[in-house]
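Welcome, and please have your viewer ready. We will go from one selection to the next, with a short word on what is there.

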Amino acid sequence: MTTLEPGVDLVPDTRAWGGDHAHDPTAVRDDDGTYWLFSTDASGDGPVRGGVQVRRSTDLVDWEFHGWALPGVPDAAAAWAGAPGLWAPEVVRVGGGWRMYWSASTFGSRRSAIGLAVAAHPAGPWEDRGLVVTSDAVPADAAGSPHGDGPPNAIDAALAVDGDRHWLVYGSFFGGLHALELDPVTGLALDAPAPGEPSPGPGVLLARRAADVEGAVEGAYVLPRPGGGWALLASWDSLFSSYHVRAAVADAVTGPYRDRLGRDLRDTAADAGTVVLAGHRLAGGPGLRAPGHASVLTEPATADAPGRQLLVHHVRDDDAPERHRVQVRRLVWTHDGWPLVSPQPWAGPAREDDDERRWPAEPAALTGTWETLEPGSDPRGVERGRLRTLDAHDVRPMGDGRFTWRWPDGAQASAVVLPGWDAVRGRATLVLVAVDDRGRVTTGTRVGDDGPGAAA
């Protein structure tokens, strides 16, 4: 890293970065099959120049640094927020072009902005279209705390498209998560006070932490559920140490979002949200801390697959938490429409099977020894995998890898069992994800050679 004179960009040597130093990532797929990754202007080695980092890949495993989307922080955002870089980009295809919603702020401040840039191709060039929504600092003499209450923080954008209505889902730490309606034609806020001016927000409240909680709810992503309705994925707690991802579902984009126990994410008295991904260490593998700020990449459907979905997030090394990188995992849906996340990272199309017709159809797939995790048991820590056999009762196949069963304590589980790749042991195997009616999520990797689908 070379530190230049004041007023000059910080330009590191990115040739060996790959997926390292990617924070708050989002990925898209171009028509030619190339994947493009956009992330916050951050590095584990220190400050970098601003403008949204861009990487590309052919398999979502190996990444090549491509540069920056913008020449720096747009003038309006710099003047409003004083931000040296851009955070948490959201990139989506709308019509024949691409839109990027980026955030500008400084750590610990609520004076923030979300802006819009457009391009004909993910590689750019990107054209700034101005600010979409802003939030102001809370006066020192304002009532309430500087945390969960009060107005939102205008960062961490995600776009949800519901027919001909577009919604900007945003918010971080202060004031909770909100949804603000956009003009589908311009991509700017419908309630802007005048053309070219940003909205002051806040929009519709989706989720909020209690005011006395020193922890975030942020990095939200909203996506359609199979069969109708919507799911929300968001990150809880400290991005440096205890980040983890929780899920909730709703009938409408604007909520109310409820977890597996039916708790409303707006209820500050409840520690709501079903934990689907948290820090962990599988036997023989690295410790992964604070996975979070996830987006979802939805692939085009083919004759053999409905269009796989992949959770794209960052993670930190447990042994060196200042180091962060992108990680990709398969996202699947239970038969009753609950989103769950694979315990194994995505291994590339050559090692993954998207044809759900070949996913396990018989209860015998559950036999053998599994290394399991329960991400909700200690979501703020780094859970170690546990070897066990599955004590599943009354197993019922639901088709295409979907099952239901009853745990020994009587809890009813909905599960998905599918082919996967064991990144620690370097072999093909089966993985499972399950959520029960008591709100517990269980994930597993089959490690024994004593059941159908085990590696030869």
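Keep in mind as you go that this is a predicted model.

**Stop 1: a hairpin.** Select residues 53-57, strand β3, and residues 64-68, strand β4; they run antiparallel and are joined by 4 bridges. Click on Arg55 and look across to β4, where its bridge partner is Phe65. Now select the 6 residues between the strands of this hairpin and pick out Leu60, which takes a positive phi near 65°.

**Stop 2: the other side of β3.** Add residues 35-39, strand β2, which runs antiparallel to β3 and is joined to it by 5 bridges. Here, Leu37 of β2 has Arg55 in β3 as its bridge partner.

**Stop 3: the whole sheet.** Show β1 as well, and you have an open sheet of 4 strands in the order β1-β2-β3-β4, with antiparallel pairing. Its edge strands are β1 (26-29) and β4, each of which pairs on one side only. On average, neighbouring strands of this sheet are turned by 25° against each other, direction ignored.

**Stop 4: the nonpolar cores.** In soluble globular proteins, nonpolar side chains tend to be buried together. Select Leu223, Leu233, Val276, Val296, Leu311 and Leu340: these have the most contacts inside the largest nonpolar core, which has 26 residues. Which residues does Leu233 touch, leaving aside those up to four places away in sequence? Among them are Gly219, Tyr221, Leu223, Val245, Arg246, Val276, Val296, Leu311 and Pro339. Apart from this core lies another, of 22 residues, including Val54, Trp102, Ala104 and Ala117.

Definitions and conventions. Residues are numbered from 1 along each chain as its sequence is written. This is a predicted model: local features need pLDDT of at least 70, side-chain atom pairs count only at pLDDT 80 or more; totals for chains, interfaces and linings use all residues. Side-chain values use heavy atoms; hydrogens and water are left out. Two strands pair if DSSP finds at least two bridges between them. Helices (H or I, at least four residues) and strands (E, at least two) are DSSP runs, numbered from the N terminus. Axes are lines fitted to C-alpha atoms, for helices over the stretch in contact, and angles run from 0 to 180 degrees between N-to-C directions. A nonpolar core is a set of buried Ala, Val, Leu, Ile, Met, Phe, Trp, Tyr and Cys residues joined through side-chain atoms within 4.5 Å. Buried means under 20% relative accessible area, exposed over 50%, partly exposed in between (1.4 Å probe, protein chains only). Contact means heavy atoms within 4.5 Å.
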